[in-house]
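Visitor: I would like to learn how to read the features of a model such as this one, step by step. Could we begin with the structure in view?

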Amino acid sequence: MKQIIFHIDVNSAFLSWTAAENLKNGGAEDLRLIPSIIGGDIEKRHGIVLAKSIPAKKYNIQTGEPI
């Protein structure tokens, strides 16, 4: 049997799901359209970048880097 490796990159999907949930709950801004990241603890302002929006790429933000 031939081995198949299947990789799914959900970086953009995770941000899109969060943006859609935010808009559904009354959020005013679409996170997909502004430089934004998902990750870390808001209160401690500590963590790593789990996902980023496409506009965040121009600021050289990398997934996995510290916040």
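**Reading the model, feature by feature**

Guide: N60 lies in the segment after β2, and it is a useful place to start, bearing in mind throughout that this is a predicted model.

Visitor: What is the sign of phi at N60, and about how large is the angle?

Guide: The general idea is that most residues other than glycine have a negative phi. Against that background, N60 has a positive phi of about 60° although it is not a glycine. N60 counts as exposed because its relative accessibility is 59%, and exposed here means over 50%.

Visitor: Which residue in the loop between β1 and β2 should I look at for its phi?

Guide: R45, which is found in the loop between β1 and β2, has a positive phi of about 50°, and R45 is not a glycine either. With a relative accessibility of 70%, R45 counts as exposed. A glycine can be set beside these two residues: G26, which follows α1, has a positive phi near 95°.

Visitor: How should I read a helix, and how does the span of α1 agree with what is expected for its number of residues?

Guide: One begins with the span and then asks which residues face inward. Helix α1 has 14 residues, and the distance from its first C-alpha to its last is 20 Å, close to the 20 Å expected at 1.5 Å a residue.

Visitor: Which residues of α1 are buried, and which are exposed on the other side?

Guide: The buried residues in α1 are N11, L15 and A19. These residues lie on the same side of α1, because the arc that they cover around the axis is only 60°. W17 and K24 are exposed on the other side of the helix.

Visitor: What covers the buried residues of α1?

Guide: The cover includes strands β1 (37-38) and β2 (51-52). A residue of β2 lets us look at this packing from the strand: K52 is in strand β2, and K52 counts as buried because its relative accessibility is 13%, where buried means under 20%. Leaving out residues up to four places away in sequence, K52 touches N11, L15, S36, I37, K57, I61, Q62 and T63. Of these contacts, N11 and L15 are among the buried residues of α1 named above.

Visitor: How many salt bridges does the structure hold, and how should I read each one?

Guide: For each pair, one may take the distance between nitrogen and oxygen, then the places of the two residues, then their exposure. The structure holds two salt bridges. In one, the side chains of E21 and K24 meet at 3.6 Å, N to O. These two residues are three residues apart in helix α1, so about one helical turn separates them. E21 is partly exposed, with a relative accessible area of 38%, whereas K24 counts as exposed at 62% relative accessibility.

Visitor: Is D30, in its salt bridge with R32, buried or exposed?

Guide: D30 counts as buried, because its relative accessibility is 16%, while R32 counts as partly exposed at 35%. The closest N and O atoms of D30 and R32 are 2.8 Å apart.

Visitor: Which residues form a nonpolar patch on the surface?

Guide: To read such a patch, one takes its members together and then checks the setting of a single member. The patch is formed by F6, I8, V10, F14, W17, I48 and L50, which together have about 760 Å² of accessible area. One of its members, I8, is in the segment before α1 (11-24), and I8 counts as exposed because its relative accessibility is 55%.

Visitor: Where is H46, and which residues is it in contact with, leaving aside its neighbours within four places in sequence?

Guide: H46 is in the loop between β1 and β2, and at 59% relative accessibility H46 counts as exposed. Once neighbours within four places in sequence are left aside, H46 is in contact with G40 and D41. From H46 to A19 the separation is 27 residues in sequence and 21 Å in space, C-alpha to C-alpha.

Key:
Residues numbered from 1 in each chain as written. Predicted model: local features only at pLDDT ≥ 70, side-chain atom pairs only at ≥ 80, totals over all residues. Heavy atoms only, no water. Patch = residues over 30% accessible without salt bridge, like charges linked within 9 Å, V, L, I, M, F, W, Y side chains within 5 Å. Areas by Shrake-Rupley, 256 points an atom, 1.4 Å probe, with all protein chains shown as cover. Salt bridge = Lys/Arg side-chain N within 4 Å of Asp/Glu carboxyl O. Helix = DSSP H or I, 4+ residues; strand = E, 2+ residues; numbered from the N terminus. Buried < 20%, exposed > 50% of the residue type's maximum accessible area, 1.4 Å probe, protein only. Expected span 1.5 Å × (residues − 1). Arc of directions from axis to C-beta. Contact = heavy atoms within 4.5 Å.
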